[in-house]
Amino acid sequence: MSDTAQPANLSLAHPNTFKFTITRTPNLVYSLQRIDLPGMSISGTQVYPGPLAHTDFTVPGEKITYDPLTIGCLLDEDFVGWLEIVGWMRELINAPGAKPKRVPLKNMSDATILLNNNKFRSNMAAKIYNLYPTNIGPVSFDYSIGPDAPLVYDVTFNYSHYEVVSLKE
């Protein structure tokens, strides 16, 4: 017989009950279709296991590496969200021939993914810090697709870190 405690809440998280907010591009959230909570990994440090060991051995390293944040967006006919991202990306780069510049934190943004429970109340939040766009994917115009199919594009962001916190009282 197992002596493990049962979790207090057995409800599963739902994939379509979330809200995304980003300070820098307020119009982008209206076209949001999907978002991936990024993965993370820690590096390993190889250690000498001793004279009798015949394999390499690693111990946890000192650094967390975060995967990029990717969101999928619907393209509105005025390209409002798309243009927000393109304008932001252009502000981040150096002009050709210019001296390299330090990108100030004011050109970065914070974002939050609010995750709702089965009663559609926010109970968890993923807070993402110092976010900036690194890629905006292509938009495919195609005569073979019907007029009701939405145009979509992906945006990829880098950031310094994120944390997931409970909003339960």
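1. Two rings of Phe, Tyr or Trp count as a pair if their centres lie within 6.5 Å. In this predicted model, ring pairs link Tyr-66, Tyr-159 and Tyr-162 into a cluster. By the same rule, the structure holds five aromatic pairs. One of them joins Tyr-66 and Tyr-159, whose ring centres are 5.8 Å apart and whose planes meet at 55°, a tilted arrangement. Tyr-66 belongs to strand β4 (residues 57–66) and Tyr-159 to the loop between β8 and β9 (161–166), so this pair ties together parts that are 93 residues apart in sequence. The two partners differ in burial: Tyr-66 is partly exposed, with a relative accessible area of 22%, whereas Tyr-159, at 11%, counts as buried.

2. The largest nonpolar core has 25 residues. Those with the most contacts inside this core are Phe-20, Leu-69, Ile-71, Ile-128, Leu-131, Tyr-153 and Phe-157. At least two core residues come from each of β1 (18–22), β2 (32–36), β5, α1, β6 (109–116), β7 and β8 (152–158).

3. Helix α1 has 13 residues, which at 1.5 Å a residue should span 18 Å; the C-alpha atoms at its ends are 19 Å apart, in agreement with that expectation. Its buried residues are Gly-81, Glu-84, Ile-85, Val-86, Trp-88 and Leu-92. These buried residues pack against β1, β6, β7 and β8.

4. Helix α1 also takes part in one of the three salt bridges found in the whole structure. Glu-91 pairs with Arg-24, with 2.4 Å between the closest N and O atoms. The bridge links distant parts of the chain, since Glu-91 is in α1 and Arg-24 is in the loop between β1 and β2, 67 residues apart. Both partners are partly exposed, Glu-91 at 41% relative accessibility and Arg-24 at 25%.

5. Arg-34, Asp-36 and Asp-154 are linked in a network of salt bridges. Between Arg-34 and Asp-154 the N to O distance is 2.5 Å. Arg-34 lies in strand β2 and Asp-154 in strand β8, so this bridge ties together parts that are 120 residues apart in sequence. Between Arg-34 and Asp-36 the closest N and O atoms are 4.0 Å apart. The members of the network are partly exposed: Arg-34 has a relative accessible area of 33%, Asp-36 has 38% and Asp-154 has 30%.

6. Ser-109, in strand β6, is buried, with a relative accessible area of 4%. Its side chain reaches two backbone nitrogens, that of Thr-23 at 3.4 Å and that of Arg-24 at 3.0 Å. Beyond its neighbours within four places in sequence, Ser-109 is in contact with residues including Ile-22, Trp-88, Ile-128, Asn-130 and Leu-131. Among these contacts, Trp-88 is also one of the buried residues of α1, and Ile-128 and Leu-131 are among the core residues with the most contacts.

7. Two backbone positions merit attention. Most residues other than glycine have a negative phi. Phe-79, however, has a positive phi, near 60°, and Asn-130 has one near 55°. Phe-79 lies in the loop between β5 (69–74) and α1 (80–92), while Asn-130 is placed in strand β7 (residues 122–136). Each is partly exposed, with Phe-79 at 27% relative accessibility and Asn-130 at 24%.

Key
Residues are numbered from 1 along each chain as its sequence is written. This is a predicted model: local features need pLDDT of at least 70, side-chain atom pairs count only at pLDDT 80 or more; totals for chains, interfaces and linings use all residues. Side-chain values use heavy atoms; hydrogens and water are left out. Helices (H or I, at least four residues) and strands (E, at least two) are DSSP runs, numbered from the N terminus. Buried means under 20% relative accessible area, exposed over 50%, partly exposed in between (1.4 Å probe, protein chains only). A nonpolar core is a set of buried Ala, Val, Leu, Ile, Met, Phe, Trp, Tyr and Cys residues joined through side-chain atoms within 4.5 Å. Rings of Phe, Tyr and Trp (its six-membered ring) pair if their centres lie within 6.5 Å; planes under 30 degrees apart count as stacked, over 60 as edge-to-face and the rest as tilted. The expected span of a helix is 1.5 Å times one less than its number of residues. Contact means heavy atoms within 4.5 Å. A polar contact is a pair of N or O atoms within 3.5 Å; within protein, one must be able to donate a hydrogen and the other to accept it, and residues adjacent in sequence count only if both atoms are side-chain atoms. A salt bridge is a side-chain nitrogen of Lys or Arg within 4 Å of a carboxyl oxygen of Asp or Glu.
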